[in-house]
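Me: I'd like to learn how to read a model like this one, feature by feature. Can we go through it together?

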Amino acid sequence: MTAPVNAVPERAEQSLRQTLLSPGYRRLLLLCVLLGVPIALACFFFVGLQHELQHWVWVSLPEAAGYHVPPWWWPLPALLLAGLILAPIVTRMPGGGGHLPVNGLGGAPVGPRALPGAVLAALATLPLGVVLGPEAPLMAVGSGLALLAVRRAGAGADQRAGAILATAGSTAAISTILGGPVAAAVLLIEGAGLAGARLVALLLPCLLASATGALVFTGFGQWTGLKIGALALPELPPQAGPDAGDFLWGLPTAALIAVLVTLGRELGRRTVTWTRHHTAARTIACATAVGVCVAAYALITGRSPAEAALSGQSTLAQLAAHPHAWSVGALVALVACKGLAWGVALGALRGGPIFPAVLLGAATASACSGLPGFGATPALALGVSAAAAAVTGLPLASAVLAVLLMGRDAHDQMPLIVMASVVAFVVAQLVRRTEPKAAGASGGASTTGAGP
């Protein structure tokens with residue numbers, strides 16, 4: 001006798017109900033709320049300190065030396081210093097300074113033992129101009145503190161609870177710079193590859209922790225006045241809905257962005273192979289190569305090297321506010337020089353892969369926005385979405401991120417954003433020649449599995 005058609009959904013619903021009403025799970029939810037506060041505070045001071053150090057290196061110090069903007073050669077000593085600092089961290093400290101950014105945001109959570117190396121690598125090198133973002137180190141802070149709390153509470157034997165708390169901690173941490181808990185939750189849903197009761201059971205703690213963290217993070221920013229450098233676009237080009245010309249030029253542009261981002265990741269994987277031997281010396285060499293690429297951008301364009309250095313959050317905001325302040329040649333130089341620097345950094349240095357890729361996508365699309373019928377606002381929207389989808393392998397989360405960044409302009413741009421995300425995801429899968437492999441230092445930043 002066969003079971004009724006609706007028997008399986010009913011059993012799943014009963015199982016979910018039992019999980020949600022169990023005392024252990026309710027204690028877990030409460031712990032996630034409580035963990036959101038210290039994790040958000042730690043992330044706030046981490047990002048605030050990084051931003052202050054970055055401002056000192058790229059604004060205060062050049063001004064003290066008599067330069068209105070950093071001279072073209074400024075990245076050379078800065079990145080050399082970053083390599084000299086990072087080399088002993090990668091080769092001698094537990095965890096090797098965190099996971100390699102070329103592997104995406106997935107992997108095992110960073111534990112308390114590896115956390116100091118990941119924090120030191122990020123704070124000591126990202127402000128010096130390493131072309132990577134803060135998202136992976138932040139997730140390491142979240143997972144490391146969550147696992148530390150589990151061990152302090154004597155619950156380390158429960159591996160399932162530890163995994164959920166580590167994921168919730170990472171989600172709370174990254175939500176502070178992705179516009180709140182919604183984008184982080186969607187990234188979790190898509191990246192975890194779960195469904196049904198398992199998804200809900202994992203999603204609720206992450207939503208609670210990230211919402212609590214976002215509240216504390218925002219409140220401290222208003223109270224202290226410190227700039228936290230979250231990914232945001234305060235100003236956008238004039239609102240304009242996409243038309244046939246935007247789709248005609250936009251979808252091939254999304255495919256082009258996917259190819260460029262995928263080629264950058266392939267360069268990162270080749271760099272990983274090269275740095276496996278003589279790691280310390282070759283890490284320094286790669287950091288120096290990043291400095292050469294950034295300096296080349298300044299020499300070619302006559303613009304500040306800071307535009308090509310760092311994670312790209314500030315440059316992305318400037319590009320969104322004043323898209324016509326860059327010539328097509330300057331945008332092409334930015335994509336070429338920063339793209340090469342990003343590819344090398346992915347395989348040798350430490351940080352997050354997403355923010356620089358988003359700038360590369362926005363710059364590529366802006367360079368193409370002069371084509372007949374292709375508007376600046378639709379170009380910016382599809383550039384963000386396509387680049388994020390290509391680098392993360394998460395088309396839905398990438399579309400949500402682009403929608404949040406575009407703000408009030410997102411409603412009209414949504415069809416183009418979604419189509420660009422899907423096109424970029426498919427093209428990235430077609431272009432990618434090698435399957436991603438966990439390489440280099442152990443320890444990842446998240447259990448979400450984000451990244452293709």
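Me: Let's start with a single residue. Where is the place of His278?

Reply: First, a caution: this is a predicted model. His278 sits in the loop between helix 9 and helix 10 (279-301).

Me: What is the phi of His278 near?

Reply: The general idea first. Most residues other than glycine have a negative phi. Here, His278 has a phi near 50 degrees, a positive value in a residue other than glycine.

Me: Is His278 buried or exposed?

Reply: Exposed, because its relative accessible area is 61% and the cut-off for exposed is over 50%.

Me: Which phi does Leu310 have, and is Leu310 buried or exposed?

Reply: Leu310 isn't a glycine, yet its phi is positive, about 65 degrees. Leu310 also belongs to a loop, the one between helix 10 and helix 11 (313-321). Leu310 counts as buried because its relative accessibility is 8%.

Me: And glycines? Which residue follows helix 15, and what is its phi?

Reply: That's Gly407, with a positive phi near 60 degrees. Look just after helix 14 too: Gly393 takes a positive phi of about 75 degrees.

Me: Let's zoom out. How many helices and strands does the chain have?

Reply: There are 16 helices and 0 strands. Of the 452 residues in the chain, 55% are buried. For the contacts, take those between residues at least 6 apart in sequence: 82% of them join residues at least 24 apart.

Me: How do I check a helix's length? What span should helix 15 have?

Reply: Use the rise of 1.5 Å a residue. Helix 15 (residues 395-406) has 12 residues, so it should span 16 Å, and its end C-alpha atoms are indeed 16 Å apart. Helix 14 (residues 376-392) can be read the same way: its 17 residues reach 24 Å from first C-alpha to last, close to the 24 Å expected.

Me: How many residues of helix 14 and of helix 15 are buried?

Reply: In helix 14 it's 16 of 17, so call that one mostly covered. Helix 15 is mostly covered as well, with 9 of its 12 residues buried. Among the buried ones in helix 15 are Pro395, Val400, Leu401 and Met406.

Me: Now helix packing. At roughly what angle do the axes of helix 2 and helix 4 cross?

Reply: Roughly 30 degrees, and the axes of helix 2 (residues 23-64) and helix 4 (residues 115-125) come within 9 Å. That angle makes helix 2 roughly parallel to helix 4, because angles under 35 degrees count that way.

Me: Which residues make that contact?

Reply: From helix 2, Phe46, Leu49, Gln50 and Leu53; from helix 4, Val119, Ala122 and Leu123. By class, the contact has 6 nonpolar residues, 1 polar and no charged ones. There's a general idea to keep in mind with lists like this. An α-helix has 3.6 residues a turn, so residues three or four places apart point the same way.

Me: How do I follow a residue's long-range neighbours? What does Val130 touch?

Reply: Skip residues up to four places away in sequence, then look at what's left. Val130 touches Leu79, Ala82, Thr125, Leu310, Ser311, Leu349 and Arg350. Val130 and Ser311 are 181 residues apart in sequence, but 7.4 Å apart in space, C-alpha to C-alpha. Val130 lies in the loop between helix 4 and helix 5 (135-152), and it counts as buried because its relative accessibility is 2%.

Me: How far from Val130 is Trp342?

Reply: Their C-alpha atoms are separated by 8.4 Å, with the two positions 212 residues apart along the chain. Trp342 lies in helix 12 (residues 328-348) and counts as buried, at 1% relative accessibility. Beyond its sequence neighbours, Trp342 is in contact with residues including Val131, Leu132, Val261, Arg265, Pro353 and Val391.

Me: Last one: how many disulfides are there?

Reply: The general idea is to look for two cysteine sulfurs within 2.5 Å. Here the count is 0. For Cys337, the nearest cysteine sulfur is that of Cys293, 6.6 Å away. Cys337 counts as buried because its relative accessibility is 9%, and Cys368, at 17%, counts as buried too.

Technical notes: Residues are numbered from 1 along each chain as its sequence is written. This is a predicted model: local features need pLDDT of at least 70, side-chain atom pairs count only at pLDDT 80 or more; totals for chains, interfaces and linings use all residues. Side-chain values use heavy atoms; hydrogens and water are left out. Buried means under 20% relative accessible area, exposed over 50%, partly exposed in between (1.4 Å probe, protein chains only). Axes are lines fitted to C-alpha atoms, for helices over the stretch in contact, and angles run from 0 to 180 degrees between N-to-C directions. Helices (H or I, at least four residues) and strands (E, at least two) are DSSP runs, numbered from the N terminus. Angles under 35 degrees count as roughly parallel, over 145 as roughly antiparallel, 65 to 115 as roughly perpendicular and the rest as oblique. Contact means heavy atoms within 4.5 Å. Ala, Val, Leu, Ile, Met, Phe, Trp, Tyr, Cys and Pro count as nonpolar, Asp, Glu, Lys and Arg as charged, and the others, Gly among them, as polar. The expected span of a helix is 1.5 Å times one less than its number of residues.
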